[in-house]
Amino acid sequence: MHDILIKNGTVIDGTGQLGFKSDVAVEKGRIVEIAPAIPKERAKEVIDAKGKFVSPGFIDIQNHSDSYWTLFDQPEQSSLLSQGITTIIVGNCGASLAPLASQEAIKAVQKWHDLSGVNLNWATFAELAAALGENKLGVNVGSLVGHATLRRGILGDQVRAVTADEIRIMEDLLRKSLEAGAFGFSLGLIYAHEVDSSLEELTALSKTLKAGGGYLSVHLRSEGSHILEALDEAIELSREASVPLKISHLKIRGKKNWHLFDRMASKLEIAYHEGLNLAFDVYPYDTSWSVLYTYLPKWAYEGGRAAILRRINSASERRKILDYLRAAEENFSNIIIAHAEHNPSFVGKSIAQIAANQEVSNEEAVLNILSACKTQVIIFDHNLSDEHVELLAFSPLSLIATDGAGYSKEDLNNLVHPRCFGTMPRFLKMVREKKAISFELAVKKLTSEPAKLLGIRGRGTLAKNNFADIVVFDPLKVSDRATYEHPFIQAVGIDHVLVNGQSAVRGGNMSGSFGSVLTK
Ligand SMILES: [Zn+2]
């Protein structure tokens, strides 16, 4: 007896091959048959997928549900499940929740989440996997090892180059974590605790990664005026260590830097054609969700939170920072406060509005906000080109990922990026409207391509004996609805989602948590 039978749908199996009419039968968590006209009497539950596409569950390879802590306080991850995501990969942008060489290491995530009152009952990567497994996870979860997590475990709040001995300790931590099932290693080179990491350190760790197996996930050192150099650095690093490279949330921030797009794209193409195993992920939105302090000059945020605050409050350094910000010519009416620790009244306002309220310049307002929130400020910045977003999303080298977190309830004091609710449906809607690529290729980007980079077995395609992570969606209706003003709104057109063979979304409604912790 089959547990679930999906009848009359068009199977888009994730390989890129043309969709075909077929039924799909599921038993004990696995796909047991893909064939036309399987009798419905043989199943306990029948899903009618007439007019719908049946595809593998989507894999969100660039996810932050760990660093935003929602894996613990909202483990159902409804905002992800409801867009068809069945597997997420966390530990991105240099920050993972393990291994913790000391309790200081966890501070790698505090730029996204306030850690006060947080209880940690793990230290190693294997212990983290066990701790995650105790939550009722809505989606399958795998993790990378974050560079800042390694560094802060050893250096604490110190920001400096590491010694040869310290590199060896970091290599050891990384090696053990890879053995315990980490899928790769991530860098967040733009952030305070990684900016001064040396090439020697990064190369040594990348070689450890090569030995242990896995890919390098890189948040580039610059996504603005220095993006070309930042890209060269990432390409060099992965070439030197011969590890697969995945660039995180590729984009060019700021209109004045958009002219670099063609050169950036050709660098990627050349590296790919020279044989580098290369991919990048992109979210289909023209607005970034960023940490405000990264808008300061690099020297001003070296040393982390305490150092930033000290500089903001020193008259001479404050003046220098203001000079830099004025010269940077940001469009402050495009920057909206999404999260302001302990100061919810800032949320939803633009920096220009706050400046007007405070009767100060926009640049002064930036520093005042950072100071009031002890640097913990997250913003929306409408600074990306629609045309670039489209070109990147449809590129043969791209994967589509949220770069967001899963939410199950509305938070009245915070705005989250609408991509946490709408990424995959929005991309599928783009495919329907722009017709730049077929649905078959689009689904491949969301399923088998990330699965291949991850080296996940039994997921990413619809095939007999594979895990039954399955999405039934309506190609004519699928669409996002979340906006920047009202982000906590579920997408439409994702009708059914199966996770490990069980109905997690039924008729568009949440119906249970069946995720598991994945190790490589
Ligand atoms: Zn990042």
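Contact here means heavy atoms within 4.5 Å, and in this predicted model the buried residues of helix α14 pack against α8 (261–273), β13, β17, α15 (419–434) and α16 (439–446). The buried set of α14, which spans residues 386–394, consists of His388, Val389, Leu392, Ala393 and Phe394. Two of the elements that these residues meet, β13 and β17, also belong to an open sheet of 6 strands, arranged in the order β9-β10-β11-β12-β13-β17 with parallel pairing. In this sheet the edges are taken by β9 (145–146) and β17 (398–400), each of which has a single partner strand, so that one side of each is left without a neighbour in the sheet. Within the same order, strand β12 (residues 245–247) pairs with strand β13 (residues 278–282) in the parallel sense over 3 bridges, and Leu245 stands opposite Leu278 in β13.

Helix α6 lies across β10 (184–188) and β11 of this sheet, and runs at about 155° to β10. The axis of α6 (residues 199–212) also comes within 12 Å of the axis of helix α4 (residues 147–155), the two crossing at roughly 115°. That angle makes α4 roughly perpendicular to α6, and the crossing in which α4 passes α6 is right-handed. Where the two helices meet, His147, Leu150 and Arg151 are the residues of α4, while Glu201, Leu202 and Leu205 are those of α6.

The zinc ion is coordinated at 2.0 to 2.1 Å by three named atoms, SG of Cys93, ND1 of His219 and NE2 of His249. Along the sequence, the spacing of these donor residues is C-x125-H-x29-H. Distant parts of the chain are linked by the pair Cys93 and His219, which are 126 residues apart, with Cys93 in the loop between β7 (85–90) and α3 (125–133) and His219 in strand β11 (residues 215–219). Residues under 20% relative accessible area count as buried; Cys93, with a relative accessible area of 2%, is therefore buried, and His219, at 5%, is likewise buried. Strand β11, which holds His219, is also one of the strands across which α6 lies.

Strand β7, which precedes the loop holding Cys93, takes part in a separately listed open sheet, in which 3 strands follow the order β6-β7-β8 with parallel pairing. The edge positions are held by β6 (58–60) and β8 (140–143), each with a single partner strand, so one side of each is left without a neighbour in the sheet. From one strand to the next, the twist averages 20°. The parallel pairing of β7 with β8 rests on 4 bridges, and Ile89 stands opposite Gly142 in β8.

An antiparallel arrangement is found for strand β2 (residues 20–27) and strand β3 (residues 30–35), which are joined by 5 bridges. Among the paired positions, Val26 has Ile31 in β3 as its bridge partner. The two strands form a hairpin with 2 residues between them, and Lys28, located in the turn, has a positive phi of about 45°. In general terms, strands of a sheet pair through backbone hydrogen bonds, either parallel or antiparallel; the model contains the antiparallel pairing of β2 with β3 as well as the parallel pairing of β12 with β13.

Technical notes: Residues numbered from 1 in each chain as written. Predicted model: local features only at pLDDT ≥ 70, side-chain atom pairs only at ≥ 80, totals over all residues. Heavy atoms only, no water. Donors = N, O, S within 2.8 Å, 3.2 Å for Na, K, Ca; no water. Buried < 20%, exposed > 50% of the residue type's maximum accessible area, 1.4 Å probe, protein only. Pairing = 2+ DSSP bridges. Axes fitted to C-alpha atoms, helices over the stretch in contact; angles between N-to-C directions. Parallel < 35°, antiparallel > 145°, perpendicular 65-115°, else oblique. Left-handed = near helix turned anticlockwise from the far one by under 90°.
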